Amino acid sequence: MKIAVLPGDGIGPEIVAQAVKVLEVLSKEGRNIDLEYGEIGGAGYDAAGDPYPAATSKLANEADAVLLGAVGGYRYDTLPRPMRPEQGLLRIRKDLGLFANLRPASVYPELVSASTLRPDVVAGLDILILRELTGDIYFGQPRGLRRTADGEREGYDTMLYSESEIARIAHVGFRAAMKRDRRLCSVDKANVLETSVLWRDVVTEIGKEYPEVELSHMYVDNAAMQLVRNPRQFDVMLTGNMFGDILSDEASMLTGSIGMLPSASLDANSKGLYEPIHGSAPDIAGQNLANTLATILSVAMMLRYSFDDEDGAQRIENAVRKTLADGYRTSDIFQEGTRKVGTKEMGDAVAARL
Ligand code: NAD
């Protein structure tokens with residue numbers, strides 16, 4: 001397993017160091033794990049004058065998977081846009097052709113009261129939102145601002161998906177469902193949008209290749225409502241770029257804790273970039289305060305989706321569960337009666353249980 005490790009900025013290096021402890025445990029068990037470090041974001045700018053240096057691109061292209069911390073920091077906020085840390089993220093996604101974004105949202109029994117929703121609504125929640133990342137209204141042409149004949153300004157964008165773009169994300173969705181509860185809900189707006197009519201048609205066609213997966217379709221407005229009404233009805237939700245952008249943020253807040261949520265972005269061959277969904281948290285960087293569990297859980301996703309190592313993935317997830325059950329909490333998820341620990345102690349606790 002050749003893994004490019006890109007810690008990035010802010011809390012990135014601290015949280016990635018804990019995830020590496022987990023990889024080291026797996027390595028001692030006999031898995032052949034090769035870690036190579038590179039710079040991205042502000043760290044890339046500092047080292048090479050570029051948020052996505054050529055050396056990092058080479059490293060990422062040669063690796064089987066990429067583990068990323070986070071990018072961004074106050075110091076870089078005044079740089080011209082192409083030099084900003086966030087450009088590093090956009091460029092690596094494009095460079096590696098990562099079109100499928102997977103965001104699981106699950107609620108651990110110990111953290112059920114951290115959600116803003118009632119515990120009986122979110123207890124046991126375990127959903128996966130799969131968002132297409134490279135098409136849709138965010139990239140469709142033409143787009144722009146213009147003046148009408150009577151001088152009024154108007155803005156326009158093009159929602160556009162080709163059959164092949166829909167088919168490849170649908171395959172990822174059905175394959176992910178096969179590894180879970182075998183239910184896939186495709187989200188669209190087929191009652192209004194032509195793009196969605198095609199989306200529904202293609203997803204239905206592809207679904208015939210996966211007879212074990214139960215396929216349903218839901219309009220996006222209803223999906224937004226159902227996510228807060230009864231989120232447990234979902235297993236995998238398959239969405240286009242814009243609907244997924246909105247629904248995945250909604251779903252992440254069902255769990256109540258940004259420091260717990262991992263993500264994966266995959267290419268057509270299941271090569272992936274794995275990262276926590278949160279940012280570089282400059283307000284707590286370097287203080288041993290950050291929650292590292294989202295990054296550790298990103299390693300579990302890496303094993304599951306890039307290395308087809310379900311056993312390793314589940315063991316990491318179980319080690320996290322056990323650590324929480326044993327009362328360990330970083331300050332973002334601390335509650336009375338639990339044990340407050342720092343980033344490093346949390347990493348050690350998970351590694352010990354693994
Ligand atoms: P953020 O996610 O970094 O932080 C939001 C809040 O959540 C902060 O109070 C932070 O302390 C807290 N937080 C985040 N992760 C945490 C963790 N693991 N443990 C404990 N607390 C945590 O978002 P922001 O403040 O809007 O952005 C900060 C920087 O991060 C900006 O430069 C932004 O551009 C960048 N950013 C990067 C990514 C990424 O790398 N994928 C994503 C979002 C934002």
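Visitor: How do α1 and α10 pack, what's the angle?
Guide: In this predicted model, helix α1 (residues 12-28) and helix α10 (residues 293-305) pack at an angle of about 45 degrees. Their axes are 8 Å apart.

Visitor: Why give me both an angle and a distance?
Guide: Because two packed helices are described by the angle between their axes and the distance between the axes.

Visitor: OK, so what do you call the way α1 lies relative to α10?
Guide: With an angle of about 45 degrees, α1 counts as oblique to α10. Angles under 35 degrees would count as roughly parallel, and 65 to 115 as roughly perpendicular.

Visitor: And is the crossing of α1 and α10 left-handed or right-handed?
Guide: Right-handed, for α1 and α10.

Visitor: What about α11 and α12, at what angle do they pack?
Guide: Helix α11 (residues 310-325) and helix α12 (residues 343-353) pack at about 120 degrees, and their axes are 8 Å apart. That angle makes α11 oblique to α12.

Visitor: Hang on, why isn't that roughly antiparallel?
Guide: Because an angle has to be over 145 degrees to count as roughly antiparallel, and α11 and α12 pack at about 120. Their crossing is right-handed.

Visitor: Switching to the ligand. How many residues surround it?
Guide: There are 20 around the ligand, and the closest are Glu-86, Gly-279, Ala-281, Asp-283 and Asn-291.

Visitor: What kinds of residues make up that shell?
Guide: The shell splits into nine nonpolar, seven polar and four charged residues.

Visitor: What is Glu-86 doing there, which of its atoms is 2.5 Å from the ligand?
Guide: An N or O atom in the side chain of Glu-86 sits 2.5 Å from an oxygen atom of the ligand.

Visitor: And Ala-281 and Asn-291, which of their atoms come in?
Guide: Backbone ones. For Ala-281, a backbone N or O atom lies 2.8 Å from a ligand oxygen. For Asn-291, a backbone N or O atom is 2.9 Å from a ligand nitrogen.

Visitor: How much of the ligand does the protein cover?
Guide: The ligand has 800 Å² of accessible area on its own, and the protein covers 67% of that.

Visitor: Last topic, loops. Where is Pro-142?
Guide: Pro-142 is in the loop between β5 (126-132) and β6 (144-147). A cis peptide bond joins Gln-141 to Pro-142, with omega at about 0 degrees.

Visitor: And Asp-136, is its phi positive or negative?
Guide: Positive: phi is near 80 degrees, and Asp-136 is a residue other than glycine. Asp-136 is also found in the loop between β5 and β6.

Methods
Residues numbered from 1 in each chain as written. Predicted model: local features only at pLDDT ≥ 70, side-chain atom pairs only at ≥ 80, totals over all residues. Heavy atoms only, no water. Near = heavy atom within 4 Å. Polar contact = N/O pair within 3.5 Å; in protein donor to acceptor, adjacent residues only side chain to side chain. Areas by Shrake-Rupley, 256 points an atom, 1.4 Å probe, with all protein chains shown as cover. Nonpolar A, V, L, I, M, F, W, Y, C, P; charged D, E, K, R; others polar. Axes fitted to C-alpha atoms, helices over the stretch in contact; angles between N-to-C directions. Helix = DSSP H or I, 4+ residues; strand = E, 2+ residues; numbered from the N terminus. Left-handed = near helix turned anticlockwise from the far one by under 90°.
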